[in-house]
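Me: I'd like a close look at one pocket, and then at the other places where there is room for something to sit. Please give me the cut-offs as you go.

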Amino acid sequence: MPSRTLEGAVAHRPHVARRRSRDGPQGARICCRGPRGPNDLPAVGAEEFGQRLARGADRPHGGAVRRSDVVELVATRSGAPLVGTRHEHPAGRTPREAFRRRTPRCRGRPHLRHQQDARQERRPSDAHELMVAPWPQVREGGTVLPIMDFRVPDELQALVDSYRSFLDREVRPVEERFALRLQEDELTDEIREEGLRLRRRSAELGFYAAHMPESVGGQGLSSLGYTLLVEAGAQTGYRFGAFTLGPPNPEAPNPILMDLPQHLHAKYVEPLVRGETTMCFALTEPEAGSDAQAIRTSAVQDDGHWVLNGRKHFITNGAGADVAIVFAVNDREKRAAGGITAFLVERDTPGFTVGKNQRTLAGDTNQAELIFDDCRVPGDNVIGEVGFGFGSAMKFLNGGRAFIGAMCVGVADYLLRITTEYAKQRTTFGKPIGKNQAVQWMLADSALEIHASRLMTYHLAWLVDEGGYPIKESSMVKLNNTEMVGRVADRAVQIWGGMGLLTEGPVERIYRLVRMLRVVEGASEIQRLIIARSLGL
Ligand SMILES: Cc1cc2nc3c(=O)[nH]c(=O)nc-3n(C[C@H](O)[C@H](O)[C@H](O)COP(=O)(O)OP(=O)(O)OC[C@H]3O[C@@H](n4cnc5c(N)ncnc54)[C@H](O)[C@@H]3O)c2cc1C
């Protein structure tokens, strides 16, 4: 793993580098623990000082470098150092105290306000400096190990900002226009048409199928990039927002389509990427849900075609899809190990009909039965290898887990935001309900869980971008985030009180919607099974 010098580490942190250039060569300073105060330290170049530190100079105990030797590598405006231990600082302030003292101590005691003001004037940015200062690990020779970087890359942040501005500019007005009808949970033709129009617009701008390869019109966006878009879309709480992005919506093109023969990409994949057509993913059957390899739909080869017979149910967008990815058994003995194949079936193929629509607790969420009765599919329409469709199905489901995770984080964040606002405004017994600890704790728990879930989700996206196939982490994110958003929604309903139960309020619908996520695309129990397997059980 490459190492950087201390100087390099400073330069690597743009905020520090900026201040360095403003403050001149004395801007960077290393502070040591020990009886000698940091004011005694020479303000030398960071690299030189790192080397001196490694040699034992400027350290009270000499010998090998200890991690505790290096407290902070900071940039200071006037040469006044920041320190990590009480006895080093003239004011006897530890970092913890620096944070604590940002809270005005004069609240309710106006006579102390001038002291507070004076203190703030003396050291205006202590806490900020401590927060942003890097924490290098020094090795012999004055080099530092790279630190873990949790920041979202600037390019991706710019993409997210641009997507947010599209939502604000073009989606919000539509959302407001349909606000009343959206409350009815009805997916009317007019609403769907409007949604599809926004989808095409989003595709035009490069957001909708950005996760697809450039060769078929996508942007080849990283998993982290798409994860951030999904989170940003869900944070708005807009229902039309769901139309503007692909996964986790199974209507959208999926990378497994790239396993179709090359000459079919222009016919099937590119229109999907442009948002001109939609698809569905047909795996589940009445007798095979969690145990997907128990599907019974059969595929028999006949004169260059495959003949499908069977029935699927719960298929999202089954009624409206232009093409369906259908999984069928071509070898009953082998099943998941070489006996299930994935086919692309066009809507108008003879023998393919749509059965009844299936409504869920969240209203019309667009599920339907699909019936295959001697449905003849061209031999070319096999996705990937004959017999290896089960792997494609798992790839489809696994590949989207970071996106489901991101959707949960975004929705939970939206709920936290509107519920915190409500808790500040809703008054009972003469004060806002948010002043009660019982309510504060619910919101604090939600904030905590959202933060943890976000980190897990970004980590999963990062693993995927690193080229891994992280099955365990995918299951962990699906399990954790779908259950997390359920708890956040439950607390939101509680805090909104009666308004939380009314269909005209903003949280009741989401409460019902997120309940479904613990079942679809692999129920929570199945995710636990997968995680348990990774433990060797
Ligand atoms: C809104 C919605 C959209 C959907 N969209 C699609 C779609 O687009 N395409 C598609 O193919 N499918 C879709 N599905 C189907 C969905 O993936 C299945 O409902 C899900 O996989 C669960 O299958 P099941 O309903 O048959 O439940 P079952 O498999 O019958 O399971 C019932 C319960 O038993 C538990 N269970 C099962 N086996 C075990 C075990 N070994 N150990 C412990 N507990 C177990 C399950 O976790 C669950 O709680 C959708 C479903 C819904 C509701």
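Reply: Start with helix α14 (residues 437-465), which gives the second largest pocket the largest share of its lining, 7 residues; helices are DSSP runs of H or I, at least four residues, strands are E runs of at least two, and both are numbered from the N terminus. Keep in mind that this is a predicted model, with local features needing pLDDT of at least 70 and side-chain atom pairs pLDDT 80 or more, while totals for chains, interfaces and linings use all residues. Numbering runs from 1 along each chain as its sequence is written, and side-chain values use heavy atoms, without hydrogens or water.

Back to the pocket: 17 residues line it, and Asp 149, Phe 150, Arg 151, Leu 224 and Trp 462 lie nearest its centre. A pocket is an open set of points on a 1 Å grid over the protein atoms alone, with protein on both sides within 12 Å along at least five of seven lines; a cavity is a set where a 1.4 Å probe fits but cannot get out, and lining residues have an atom within 4 Å of a point. The space comes to about 690 Å³, counted as what probe spheres on the points fill, with points joined across faces, edges and corners. The lining mixes 9 nonpolar, 2 polar and 6 charged residues (Ala, Val, Leu, Ile, Met, Phe, Trp, Tyr, Cys and Pro are nonpolar, Asp, Glu, Lys and Arg charged, the others, Gly among them, polar).

As for closed space, there are 5 cavities of 30 Å³ or more, and the largest has about 90 Å³. Its lining includes Pro 247, Pro 248, Phe 396 and Glu 521, and divides into 7 nonpolar, 3 polar and 1 charged.

Then there's the ligand. Its shell has 18 residues, with Phe 281, Thr 284, Ser 290, Thr 316 and Glu 525 coming nearest (a heavy atom within 4 Å counts as near). By class that's 10 nonpolar, 6 polar and 2 charged. β7 (305-316) and α18 (524-534) each give at least two shell residues, and domain 3 (281-393) and domain 4 (400-534) at least three each, the bounds being from an automatic or database assignment.

For polar contacts (N or O pairs within 3.5 Å), ligand oxygen atoms sit 2.7 Å from a polar side-chain atom of Ser 290 and 2.6 Å from a side-chain N or O of Glu 525. The protein covers 64% of the 970 Å² of accessible area the ligand has on its own (Shrake-Rupley, 1.4 Å probe).

How values were computed. A polar contact is a pair of N or O atoms within 3.5 Å; within protein, one must be able to donate a hydrogen and the other to accept it, and residues adjacent in sequence count only if both atoms are side-chain atoms.
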